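Here is a short report for a first look at this structure. Please view the sequence and the model, then read on.

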Amino acid sequence: MGFAMNTTDTNTLTIAQFQAIEARAHELRAEAFANVMRRLFRAVFSAPRKVISCPSCARPLHG
């Protein structure tokens with residue numbers, strides 16, 4: 001079974017541990033941002049191709 005932590009059970013982090021956690025958090029944020037930007041650019045650059053390859057856009061115009 002679990003135990004409840006009270007104020008005397010809290011662990012303190014060393015400065016090095018805290019800096020390591022901050023560095024990892026920064027890495028994760030940077031990776032997430034890069035993934036979002038990659039998806040955004042992919043969507044922006046694939047949109048014209050989708051429009052051009054659309055079957056209704058490929059039909060000749062009858063005027």
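## A phenylalanine at the surface

F41 is partly exposed, at a relative accessible area of 44%. The model behind this value is predicted. F41 lies in helix α1, which covers residues 15-53.

F41 also belongs to a nonpolar patch on the surface. The other members are L40, V44 and F45. Together the four residues have about 400 Å² of accessible area. To join such a patch, a residue needs over 30% relative accessible area. F41, at 44%, passes that mark.

## The aromatic pair

How many aromatic pairs does the structure hold? There is one. F41 and F45 form it, and the pair is stacked. The ring centres are 6.2 Å apart, and the planes meet at 15°. Planes under 30 degrees apart count as stacked, so the 15° between F41 and F45 fits that class.

Where do the two partners sit along the chain? Both are in helix α1, four residues apart. That spacing separates F41 and F45 by about one helical turn.

Is F45 buried or exposed? F45 counts as exposed, because its relative accessibility is 52% and the cut-off for exposed is over 50%. F41, at 44%, is partly exposed.

## The salt bridge

The structure holds one salt bridge. It links E27 with R24. The closest N and O atoms of the two residues are 3.1 Å apart. The cut-off for a salt bridge is within 4 Å, so the E27 and R24 contact qualifies.

E27 and R24 are both in helix α1. They are three residues apart, which puts about one helical turn between them. How accessible are the two partners? E27 is partly exposed, with a relative accessibility of 41%. R24 is partly exposed too, with 42%.

## Polar contacts in helix α1

S46 is another residue of helix α1. Is S46 buried or exposed? S46 counts as buried, because its relative accessibility is 17% and buried means under 20%. The S46 side chain reaches the backbone oxygen of A43, at 3.4 Å.

N35 is found in helix α1 as well. N35 is partly exposed, at 33% relative accessibility. Which residue does the side chain of N35 contact? Its partner is R38, through a polar contact between the two side chains at 2.7 Å.

## The chain as a whole

Now for the overall picture. The chain has 63 residues, and buried residues make up 2% of them. S46 is buried. The chain contains two helices and zero strands.

How much area does the chain expose? The value is about 6200 Å². Carbon and sulfur atoms supply 66% of that area. The patch of L40, F41, V44 and F45 is one nonpolar part of the surface.

Conventions. Residues are numbered from 1 along each chain as its sequence is written. This is a predicted model: local features need pLDDT of at least 70, side-chain atom pairs count only at pLDDT 80 or more; totals for chains, interfaces and linings use all residues. Side-chain values use heavy atoms; hydrogens and water are left out. Patches are made of residues with over 30% relative accessible area and no salt bridge: like charges are joined within 9 Å, nonpolar side chains (Val, Leu, Ile, Met, Phe, Trp, Tyr) within 5 Å. Accessible areas come from the Shrake-Rupley method with a 1.4 Å probe; for residues, only the protein chains shown count as cover. A salt bridge is a side-chain nitrogen of Lys or Arg within 4 Å of a carboxyl oxygen of Asp or Glu. Buried means under 20% relative accessible area, exposed over 50%, partly exposed in between (1.4 Å probe, protein chains only). Rings of Phe, Tyr and Trp (its six-membered ring) pair if their centres lie within 6.5 Å; planes under 30 degrees apart count as stacked, over 60 as edge-to-face and the rest as tilted. A polar contact is a pair of N or O atoms within 3.5 Å; within protein, one must be able to donate a hydrogen and the other to accept it, and residues adjacent in sequence count only if both atoms are side-chain atoms.
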